[in-house]
Amino acid sequence: TYSNEERPRKLSSAVNLDQNESVETTRVTIEENCTCYAHYSVFLFENDGEKSPSRNALRFSTNEEEGEEQLALAIYVGQPNARHVACKGVDECLRLMKNVGEKASFVIPPSLGYGDAGNISFPSIPPKCELLVEIELLHVEGTKETPDTNRADLTFEKRMERCENLKKKGNEKFRDGSKKAAVRLYESGLSYITEDLMQQLELPKHVDLAEELRATLRLNMGGSFLALKEYALCVKYCDLARGEGVWGDAVNRCHFFREKKEDSCWLTKPQQVKAMFRKAQALESMPGEKYEEAMSVLQEVHDSLDAELERRYVKANGRRQGNARQGNAETVFFNALDPEQHENAKMFEMFRSDFLLSVEKINRVTKLIEKREKMSMAEFCGVFEKKT
């Protein structure tokens, strides 16, 4: 229990919700035994509430740096974790927040930060220093009466089950049109699959499960950001889903843990196609008209689908047919009585449909590039004529 002088002081608050959400439907009560999934940053308080805090004042942030992945932090209310920066102050600030999706800033007194002595190691805090804490609340689990289990006490299987449940909740929100809510849930799910966890896993089946789940959550976030027209984040998470992000070489990790050496990431082939289509659409829609980059991605997915269709045709018919991807259905034989070939036939048709879609998209982007070049040439000629 703290006196009024020792409590955080809320400076500002805003709730970032979808159109079909409201402050009533996202209302939460945060108390002892709740788990809050959140992003937060800690600054030295510069005693000027009118200005945004400077980067020089920043002492800690869970928010992403350029190129890095943003990960939510699980904070157990009533159990301040000494490993978390300004843990007592953050614990108290969360209790003052009222809505999932809320972003708020607080000033916390030295008694809830690093006291009269300050801190000389990380983070560097002067003596008797007030701190500015900015928090974004993503999701809340548990209540005072029904405590949430600390993840340190969860088995690997329970941890993955929690992650899967958050993914399903995110999918439901996405289908309902709540894209921002879906992102918050996907981020909360990703917080269960940290690099610390991955480095402890030894069994290939555990690595497979965790990596597949992490890749799918990233892909879903890419789809949500595309729907929200946050194109740079869509590109970033589609790359992360395919193993092209900051976490290292997905190809080597796949080859080490999997027997199928053709696997280059933990997404299935249809998911890889989806990731590339989303990335291309985002690049095409970004400011600056990144049509050439979009074309490169579309050409990659086109060539990949071409090879996949040929591989499946050869597997079913025992011979090559270069135009199997475009031929009529009757020219591609699959034994419907064979369960494996029946499944192969379904996948073949799906990939052929995606292949034709890639051709359509390539043609559209080609026309956009040609149109832009004609406009640039017309502008150049207009300027030249004025000068002459």
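Axes here are lines fitted to C-alpha atoms, for helices over the stretch in contact, and the angles between N-to-C directions run from 0 to 180 degrees. With that convention, helix 2 (residues 156-175) and helix 5 pack at an angle of about 20 degrees, and their axes lie 11 Å apart. Since angles under 35 degrees count as roughly parallel, helix 2 is therefore roughly parallel to helix 5. The structure discussed here is a predicted model, and every value below is computed from it.

## Helix 5 and its packing partners

Two packed helices are described by the angle between their axes and by the distance between the axes. The table collects these two values for three pairs that involve helix 5, which spans residues 204-227.

| Helix pair | Angle between axes | Distance between axes |
|---|---|---|
| Helix 2 and helix 5 | about 20 degrees | 11 Å |
| Helix 3 and helix 5 | about 160 degrees | 9 Å |
| Helix 5 and helix 8 | about 30 degrees | 10 Å |

In the pair of helix 2 and helix 5, helix 2 passes helix 5 in a left-handed crossing. On the side of helix 2 the contact is formed by Phe156, Glu157, Met160, Cys163, Glu164, Lys167, Asn171 and Phe174, and these meet His206, Leu209, Ala210, Leu213, Thr216, Leu217, Asn220, Gly223, Ser224 and Ala227 of helix 5. Sorted by class, the residues of this contact comprise 9 nonpolar, 6 polar and 3 charged.

Helix 3 covers residues 179-190, and its angle with helix 5 is over the 145 degrees beyond which a pair counts as roughly antiparallel. Helix 3 and helix 5 are therefore roughly antiparallel to each other, and their crossing is left-handed. Helix 3 contributes Lys179, Ala182, Val183, Tyr186, Glu187, Gly189 and Leu190 to the contact, while helix 5 contributes Arg214, Leu217, Arg218, Asn220, Met221, Ser224, Phe225 and Ala227. Of the residues in the contact of helix 3 with helix 5, 8 are nonpolar, 3 are polar and 4 are charged.

Helix 8, residues 269-285, is the partner in the remaining pair of the table. Helix 5 and helix 8 are roughly parallel to each other, because their angle of about 30 degrees falls under the 35 degree limit, and helix 5 passes helix 8 in a left-handed crossing. Here Thr216, Leu219, Asn220, Gly223 and Leu226 of helix 5 come into contact with Gln271, Lys274, Ala275, Arg278, Gln281 and Ala282 of helix 8. The contact of helix 5 with helix 8 consists, by class, of 4 nonpolar, 5 polar and 2 charged residues.

## Arg218 and helix 6

Is Arg218, a residue of helix 5, buried or exposed? Its relative accessible area is 5%, and because buried means under 20%, Arg218 counts as buried. The side chain of Arg218 reaches the backbone oxygen of Leu240 at 3.3 Å, and Leu240 is itself among the buried residues of helix 6.

Helix 6 (231-241) follows helix 5 after a loop that holds Lys229. Helix 6 is mostly covered, with 9 of its 11 residues buried, namely Tyr231, Cys234, Val235, Lys236, Tyr237, Cys238, Asp239, Leu240 and Ala241. These buried residues of helix 6 pack against helix 5 and helix 8. Just after helix 6, Gly243 adopts a positive phi of about 80 degrees.

## Backbone features in the loops

Lys229, in the loop between helix 5 and helix 6, has a phi near 65 degrees, which is a positive value in a residue other than glycine. With a relative accessibility of 61%, Lys229 counts as exposed.

The loop between strand 5 (102-108) and strand 6 (131-141) contains Pro123, and the peptide bond from Phe122 to Pro123 is cis, with omega near -10 degrees. Lys128 lies in the loop between strand 5 and strand 6 as well, and its phi is near 50 degrees, again a positive value in a residue other than glycine. Lys128 is exposed, having a relative accessible area of 60%.

## Tyr313 in helix 9

Tyr313 is placed in helix 9, which runs over residues 291-317, and at 0% relative accessibility Tyr313 counts as buried. The C-alpha atom of Tyr313 is separated by 9.1 Å from that of Ala345, although the two residues are 32 residues apart along the chain.

Definitions and conventions. Residues numbered from 1 in each chain as written. Predicted model: local features only at pLDDT ≥ 70, side-chain atom pairs only at ≥ 80, totals over all residues. Heavy atoms only, no water. Helix = DSSP H or I, 4+ residues; strand = E, 2+ residues; numbered from the N terminus. Parallel < 35°, antiparallel > 145°, perpendicular 65-115°, else oblique. Left-handed = near helix turned anticlockwise from the far one by under 90°. Contact = heavy atoms within 4.5 Å. Nonpolar A, V, L, I, M, F, W, Y, C, P; charged D, E, K, R; others polar. Buried < 20%, exposed > 50% of the residue type's maximum accessible area, 1.4 Å probe, protein only. Polar contact = N/O pair within 3.5 Å; in protein donor to acceptor, adjacent residues only side chain to side chain.
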